[in-house]
Amino acid sequence: MSRTALITGITGQDGAYLAKLLLEKGYSVHGVVRRSSHSEVHDHRLRWIGVENDVQLHEGNLTDLSGLIRTVRDVKPDEVYNLAAQSFVKSSWQQPILTGQVTAIGVTNVLEAVRLEAPEARFYQASSSEMFGLIQEAQQSEKTPFYPRSPYAVAKLYGHWITVNYRESFGMHASSGILFNHESPLRGLEFVTRKVTDAAARIKLGLAPYVELGNLEAKRDWGHARDYVKAMWLMLQQSTPDDYVVATGKMFTVRELCRLAFSAVDLNYEDYVRVAEAHMRPAEVDVLLGDPKKASEQLGWTPETTFEQMIEEMVQADLARHKRNL
Ligand code: GDP
């Protein structure tokens, strides 16, 4: 019998890739979407990936428990993926309360709806490497202590622990994926990878003179979202729920990202990248590097796309998009 999945945050980058993966596996896929007066803007990722007519959308919000209960009752999911969040670190200093309401308490709302209406459903929580923040070990694993450095990371830490707690309190099949940064042509333009690949494309086409960035020396372990949603699905196929770090085990600086993206369009990044104070953060996460050993050994998961391949794919997608609009 076909299985049913419910995805919060289905219109985001990971939601689109996960919906596509689950549809290919024969799932019936449902998503929770925030009501908005310009829904076509929100649906663009589902269109880009070609699944907009194959998923069933339900209006709802992570802060609205009764709506979530009704949706879980109607959908009767076998698997629930909680990907919705206020997910941009920089905005979390601007909107710390909203970030806490959505990214932290929102997880409890989804867990409560599942516990009340579909207690046998398997639950995935999108946790984040930002929880490691001021790193306590050079390479971060499931055993590394956390030290969050932004309201976003503090909220994600709550979401992680409430997931662990519901597993231990109620025996729910609830797993937390501690995913390191993952990108794609569907990444929001506010994140540094996409900001840079989009800028390289626009500058190449004469549509922009330069790009302003913040800390060029920040280091991240960047993987491809298409690879990372496979790890989410694998976690829910295990007989016992658990927590897993999902990462590549390799890191690059923002400066190296710039070099790669601009060289993909035969430009020298040094001629076009300017550093602006406005893009610096009140508390920075200087370096993140994940240890994906447990995911590799227990889930049989390995990343397939290299950083270089991913940046090339993102630059080409941004070039094609801007050429269409020229
Ligand atoms: P994050 O790891 O979830 O915060 O992902 P981001 O893509 O937003 O940022 C990754 C790193 O790039 C952080 O250390 C930022 O400080 C750094 N960075 C440098 N310049 C920029 C910029 O202009 N925009 C963003 N978003 N990040 C930047």
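These notebook entries record what I looked up about a ligand site and a pocket in this structure.

**Entry 1. The model.** I worked from a predicted model.

**Entry 2. Residues around the ligand.** I listed the residues that surround the ligand and obtained 19. The closest are Glu-130, Lys-195, Gly-214, Arg-281 and Glu-284. Sorted by class, this shell has eight nonpolar, four polar and seven charged residues.

**Entry 3. Polar contacts of the ligand.** I then looked up individual atom pairs. For Glu-284, an N or O atom of the side chain lies 2.6 Å from an oxygen atom of the ligand. For Lys-195, a polar side-chain atom is 2.8 Å from a ligand oxygen atom. Gly-214 takes part through its backbone: one of its polar backbone atoms is 2.8 Å from a nitrogen atom of the ligand.

**Entry 4. Cover of the ligand.** I looked up how far the protein covers the ligand. On its own the ligand has 540 Å² of accessible area, and the protein covers 97% of that. Helix 8 (192-204) and strand 8 (211-213) are the elements that give two or more residues to the shell. I also checked the domains: domain 1 (4-182 + 222-246) and domain 2 (188-220 + 250-288 + 304-324) each contribute at least three residues to the shell.

**Entry 5. The second largest pocket.** I turned next to the second largest pocket, which holds about 260 Å³ of space. I found 15 residues lining this pocket. Nearest its centre are His-44, Trp-48, Pro-185, Arg-194 and Arg-321.

**Entry 6. Make-up of that lining.** Which helix gives the most to the lining of the second largest pocket? I found that helix 12 does, with six residues. Helix 3 (44-48) and helix 12 (307-325) each supply at least two lining residues. By class, I noted seven nonpolar, two polar and six charged residues in the lining. Domain 1 and domain 2 each provide at least three residues of the lining of this pocket.

Note on methods. Residues are numbered from 1 along each chain as its sequence is written. This is a predicted model: local features need pLDDT of at least 70, side-chain atom pairs count only at pLDDT 80 or more; totals for chains, interfaces and linings use all residues. Side-chain values use heavy atoms; hydrogens and water are left out. On a 1 Å grid over the protein atoms alone, a cavity is a set of points where a 1.4 Å probe fits but cannot get out, and a pocket is an open set with protein on both sides within 12 Å along at least five of seven lines; lining residues have an atom within 4 Å of a point. Grid points are joined across faces, edges and corners, and a volume is the space filled by probe spheres set on the points. Helices (H or I, at least four residues) and strands (E, at least two) are DSSP runs, numbered from the N terminus. Ala, Val, Leu, Ile, Met, Phe, Trp, Tyr, Cys and Pro count as nonpolar, Asp, Glu, Lys and Arg as charged, and the others, Gly among them, as polar. Domain bounds come from an automatic or database domain assignment. A residue is near a molecule or strand if one of its heavy atoms lies within 4 Å of it. A polar contact is a pair of N or O atoms within 3.5 Å; within protein, one must be able to donate a hydrogen and the other to accept it, and residues adjacent in sequence count only if both atoms are side-chain atoms. Accessible areas come from the Shrake-Rupley method with a 1.4 Å probe; for residues, only the protein chains shown count as cover.
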